[in-house]
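Student: I have a structure to go through and I don't know where to begin. Can we take it piece by piece?

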Amino acid sequence: MPAPAVRAVSLGLRPYEEALRVQQRCVAAARAARGPPPRPPFECVVLSEPARPVYAWGLRGAPTEREAERLRAAGAGLAAVRRGGSVTFHGPGQLLAFPVLDLKARGIQLRGFVERLQDVAVRLCRRVGAMSAAGRPPPYTGVWVGEGKVCAVGVHCGNHITSHGLALNCCTDLSWFEHIVPCGLEGTTATSLSHELGRHVTVEDILEPFLESFQEVFDCTVVFSEEPRD
């Protein structure tokens, strides 16, 4: 029996807000496609690289008005989003991957989904040479190389359909993380694949190993697709 298809919607360099809008259209398409078996679910993963710096926070950790003014003064946008996790940074040199999957159809619990996302990022990191990459349990959810966090994970799940996902630092300017407590974890630092490997690693460089890792973990076949329209 062939592995189920998951559409890859690759946006390239796009504003963070635009990637969120495409994600929401994918969520709507996934909900509209639901029906009795053997009707296959609509599933996809939205891939992008943020075109501009932005600080985003989820269900907790919103900045105070004074903190928000300071972050804007640094030259970043601000975004409140519907996902787990506290404030983090998104910007150029970072891979954003938003899987829109039907957990009910897959028989996966939310915690298991988060663990699988971590596994995708761990496999990706090891594929490109960061062999010590490892996931950690809450409250340190994400992927770490030594004591540096290379990949943040924060998800939302509504009616068993997932959104948001992971943000992996490839050649991100790490100084942006100095303005915040990343993911609300005091005393921790962010790192990137470029920093850890001692060479310039771009988002484009890791797309293929990401998709290979995603297919392994979620037992699917990825096919490239146009973004859904309203």
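Tutor: We will go through strands, cysteines, one threonine and the aromatic rings in turn.

Tutor: First, some ground rules. This is a predicted model, where local features need pLDDT of at least 70, side-chain atom pairs count only at pLDDT 80 or more, and totals for chains, interfaces and linings use all residues. Residues are numbered from 1 along each chain as its sequence is written, and side-chain values use heavy atoms, with hydrogens and water left out.

Student: OK. How much of strand 2 is buried?

Tutor: Seven of the seven residues in strand 2 (residues 44–50) are buried. Buried means under 20% relative accessible area, exposed means over 50%, and partly exposed is in between, with a 1.4 Å probe and protein chains only. Strands here are DSSP runs of E with at least two residues, helices are runs of H or I with at least four, and both are numbered from the N terminus.

Student: Which residues of strand 2 point which way?

Tutor: Cys44, Val46, Ser48 and Pro50 point to one side, while Val45, Leu47 and Glu49 point to the other, and all are buried.

Student: What does strand 2 pair with?

Tutor: Strand 1 (residues 5–14) pairs with strand 2 in the parallel sense, over six bridges. Strand 6 (residues 94–100) runs antiparallel to strand 2, and five bridges join them. Two strands pair if DSSP finds at least two bridges between them. As examples, Val9 has Val46 as its bridge partner in strand 2, and Leu47 stands opposite Ala97 in strand 6.

Student: And Ser48, what does it touch?

Tutor: Contact means heavy atoms within 4.5 Å. Leaving aside neighbours within four places in sequence, Ser48 is in contact with Leu11, Gly12, Ala19, Gln94, Leu95 and Leu96. Ser48 has a relative accessibility of 4%.

Student: Other sheet now. What is the strand order in the open sheet of three strands?

Tutor: The order is 4-3-5, with mixed pairing. Strand 4 (77–80) and strand 5 (88–90) are the edge strands, since each pairs on one side only. From one strand to the next, the twist averages 30°; such angles are taken between the N-to-C directions of axes, which are lines fitted to C-alpha atoms (for helices over the stretch in contact), and run from 0 to 180 degrees.

Student: How do strands 3 and 5 run?

Tutor: Strand 3 (residues 54–57) and strand 5 run antiparallel and are joined by three bridges. In one of these places, Ala56 has Thr88 of strand 5 as its bridge partner.

Student: Change of topic. How many disulfides are there?

Tutor: Zero. For Cys157, the nearest cysteine sulfur is that of Cys44, 14 Å away. A disulfide is a pair of cysteine sulfur atoms within 2.5 Å.

Student: Why does Cys220 not bond to Cys44?

Tutor: Because the sulfur of Cys44, the closest cysteine sulfur to that of Cys220, is 11 Å away, which is too far for a bond. Cys220 is buried at 6% relative accessible area, whereas Cys157 is partly exposed at 29%.

Student: Where is Thr172?

Tutor: Thr172 sits in the loop between strand 10 (161–169) and strand 11 (189–190). Thr172 is buried, at 6% relative accessible area.

Student: Which backbone oxygen does its side chain reach?

Tutor: The side chain of Thr172 reaches the backbone oxygen of Gly93 at 3.0 Å. Not counting residues up to four places away in sequence, Thr172 also touches a set of residues including Phe89, Phe177 and Ser192.

Student: Last thing, rings. How many aromatic pairs are there?

Tutor: Eight. Rings of Phe, Tyr and Trp (its six-membered ring) pair if their centres lie within 6.5 Å; planes under 30 degrees apart count as stacked, over 60 as edge-to-face and the rest as tilted. Phe113 and Phe218 form a tilted pair, 6.0 Å centre to centre with 50° between the planes.

Student: Which parts does that pair tie together?

Tutor: Phe113 lies in helix 4 (residues 110–127) and Phe218 in helix 6 (residues 203–218), so the pair ties together parts that are 105 residues apart in sequence. Phe113 is buried at 0% relative accessible area, and Phe218 is buried at 2%.

Student: What about Tyr140 and Trp144?

Tutor: Tyr140 and Trp144 form an edge-to-face pair, at 6.2 Å and 70°. Tyr140 is partly exposed at 38%, but Trp144 is buried at 2%.

Student: Which residues do ring pairs link into a cluster?

Tutor: Tyr55, Phe89, Trp176 and Phe177.

Note on methods. A polar contact is a pair of N or O atoms within 3.5 Å; within protein, one must be able to donate a hydrogen and the other to accept it, and residues adjacent in sequence count only if both atoms are side-chain atoms.
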